[in-house]
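Here is a small set of exercises to work through with the model open beside you. Try each task before you read its solution.

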Amino acid sequence: MKTLIFGAGPLGSLYACLLHKAGKDVTILARNDHYKFLKENGVVLVNEFTDEKLSTNVTVVDSLNSEDSYDLVIVLMRKNSIKKVLPVLNRNKNVKSFLFMGNNALGFDEYLKYLPAEKLLFGFPGGGGSRINHVAHYVDSERPNGKRISITLGEIDGTIKDRTNQIKQLFESSEVPVKVVDDIDSWLKYHVAFINPVAGALLKAGDNYKLVQDKETIRKYIRAVNECSKVLKSLGYKKSYNPKLTFFKWFPEFMLIKILQQVFNSKFAEVAMMMHVNTAKDEMLELGNDFKTLINKTSINTPNFNELLSCISSK
């Protein structure tokens with residue numbers, strides 16, 4: 001598949017390098033100074049677990065023109081940047097499929113205003129990080145030398161099409177595991193319910209290591225996630241896919257706090273959570289406000305979620 005990765009952040013850069021290393025026909029799109037940096041230096045990655053630095057000469061462009069032809073465009077951008085690029089994507093009629101990989105609490109209506117449903121897939125990358133001085137700092141496993149976190153992928157209608165399998169094969173043959181789900185809208189909503197409150201908790205405490213010591217804020221995080229899950233279930237979104245949410249609902253809080261203290265006291269939390277939150281407060285705030293739209297469709301009270309969202313808006 002001739003593939004364009006639209007977005008040269010930490011995971012877009014990582015996947016471009018992995019696809020290139022596997023011999024795939026992959027191009028990455030970057031703009032302005034970052035485009036110049038990639039042209040001169042290649043895509044530069046730093047694995048935050050190992051401090052290994054890698055430079056790869058992936059083909060780079062600074063635009064998607066209306067006449068360009070790709071089998072697949074993977075859009076890896078923050079949610080609050082998507083509206084700006086949809087008109088650009090709309091001008092190209094030659095791209096066969098668009099895979100949007102990122103946070104989304106409100107579904108697909110905004111995308112369908114610009115692109116036909118038959119060209120759209122949605123998903124989420126595995127890992128996190130941040131771009132610092134043009135270098136992509138990332139983790140894509142939960143521990144050093146651990147198993148790479150899967151990409152999640154799904155069609156709007158929940159079916160598995162030929163192109164679903166082709167994209168799955170594209171990644172898996174590049175050593176990136178893929179999990180295909182049959183309700184990607186529900187998956188993305190529950191993901192926001194899980195990660196948006198943690199952004200507020202991290203900012204309230206100061207960072208992930210300070211959060212380890214702040215049991216009261218961890219407790220608020222647990223309760224906020226349960227509030228959000230209750231909202232989604234009341235709206236008919238029954239399938240969360242995330243087994244951790246079951247633990248949040250049924251485990252005693254004191255046990256969950258101990259488990260989460262271990263999670264937050266880690267390099268993974270520092271890079272995949274705190275580093276991302278520090279550079280994407282605007283996205284976290286938009287996602288929180290989007291989720292408030294869902295809350296307002298119910299009569300459910302969400303005091304813990306509201307408090308943690310206010311911690312994002314105040315930073």
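**Exercise 1: A charged cluster**

In this predicted model, arginine 163 and glutamate 155 are both buried. Task: find which salt bridges glutamate 155 makes, and which network they belong to.

Solution.
- Step 1. Start with the buried pair: the side chains of arginine 163 and glutamate 155 form a salt bridge, with 2.7 Å from N to O.
- Step 2. Look for another partner. Lysine 161 also forms a salt bridge with glutamate 155, and here the closest N and O atoms are 3.9 Å apart. The cut-off is 4 Å, so this pair counts.
- Step 3. Check the surroundings. Glutamate 155 has 2% relative accessibility, and buried means under 20%, so glutamate 155 is buried. Lysine 161, with a relative accessible area of 30%, is partly exposed.
- Step 4. Put the bridges together: through shared partners, Glu155, Asp157, Lys161 and Arg163 are joined into one network.

**Exercise 2: A bridge between distant parts of the chain**

Task: say where arginine 78 and aspartate 282 lie, and whether each is buried, partly exposed or exposed.

Solution.
- Step 1. Confirm the pair: the two side chains, of arginine 78 and aspartate 282, meet in a salt bridge at 3.6 Å, N to O.
- Step 2. Place the residues. Arginine 78 sits in the loop between β6 (72-75) and α3 (79-90), while aspartate 282 belongs to helix α12; they are 204 residues apart, so the pair links distant parts of the chain.
- Step 3. Read the accessibility. Arginine 78 is partly exposed at 30%, and aspartate 282 is partly exposed at 42%.
- Step 4. For the overall tally, the count of salt bridges is 18.

**Exercise 3: The nonpolar cores**

Task: which residues of the largest nonpolar core touch the most other members, and which elements build this core?

Solution.
- Step 1. The core has 48 residues, and Tyr221, Phe248, Phe264 and Phe291 touch the most other members.
- Step 2. The elements that give two or more residues are α6 (184-205), α7 (208-212), α8 (215-234), α9 (244-250), α10 (253-264), α11 (267-279), α12 (281-295) and α13 (303-313). The largest share, eleven residues, is from α6.
- Step 3. Zoom in on phenylalanine 264. Leaving out residues up to four places away in sequence, its contacts include Val198, Tyr209, Ile218, Tyr221 and Met273.
- Step 4. Another core, of 36 residues, lies apart from this one; Cys17, Ala30, Leu45 and Ala136 are among its members.

**Exercise 4: A strand residue and a pocket**

Task: describe the setting of leucine 54, then say which residues are closest to the centre of the second largest pocket.

Solution.
- Step 1. Leucine 54 is part of strand β4 (residues 53-56), and at 42% relative accessibility leucine 54 is partly exposed.
- Step 2. Beyond its neighbours within four places in sequence, leucine 54 contacts Val43, Val44 and Leu45.
- Step 3. Turn to the second largest pocket, which holds about 390 Å³ of space. Its lining has 21 residues, of which Leu18, Asn47, Glu52, Tyr138 and Arg148 are the closest to the centre.
- Step 4. Ask which elements contribute: α1 (10-21), β3 (43-47) and β4 each give at least two residues to that lining, and α1 gives the most, with four.
- Step 5. Sort the lining by character: eight residues are nonpolar, six polar and seven charged.

Key
Residues are numbered from 1 along each chain as its sequence is written. This is a predicted model: local features need pLDDT of at least 70, side-chain atom pairs count only at pLDDT 80 or more; totals for chains, interfaces and linings use all residues. Side-chain values use heavy atoms; hydrogens and water are left out. A nonpolar core is a set of buried Ala, Val, Leu, Ile, Met, Phe, Trp, Tyr and Cys residues joined through side-chain atoms within 4.5 Å. Buried means under 20% relative accessible area, exposed over 50%, partly exposed in between (1.4 Å probe, protein chains only). Contact means heavy atoms within 4.5 Å. On a 1 Å grid over the protein atoms alone, a cavity is a set of points where a 1.4 Å probe fits but cannot get out, and a pocket is an open set with protein on both sides within 12 Å along at least five of seven lines; lining residues have an atom within 4 Å of a point. Grid points are joined across faces, edges and corners, and a volume is the space filled by probe spheres set on the points. Ala, Val, Leu, Ile, Met, Phe, Trp, Tyr, Cys and Pro count as nonpolar, Asp, Glu, Lys and Arg as charged, and the others, Gly among them, as polar.
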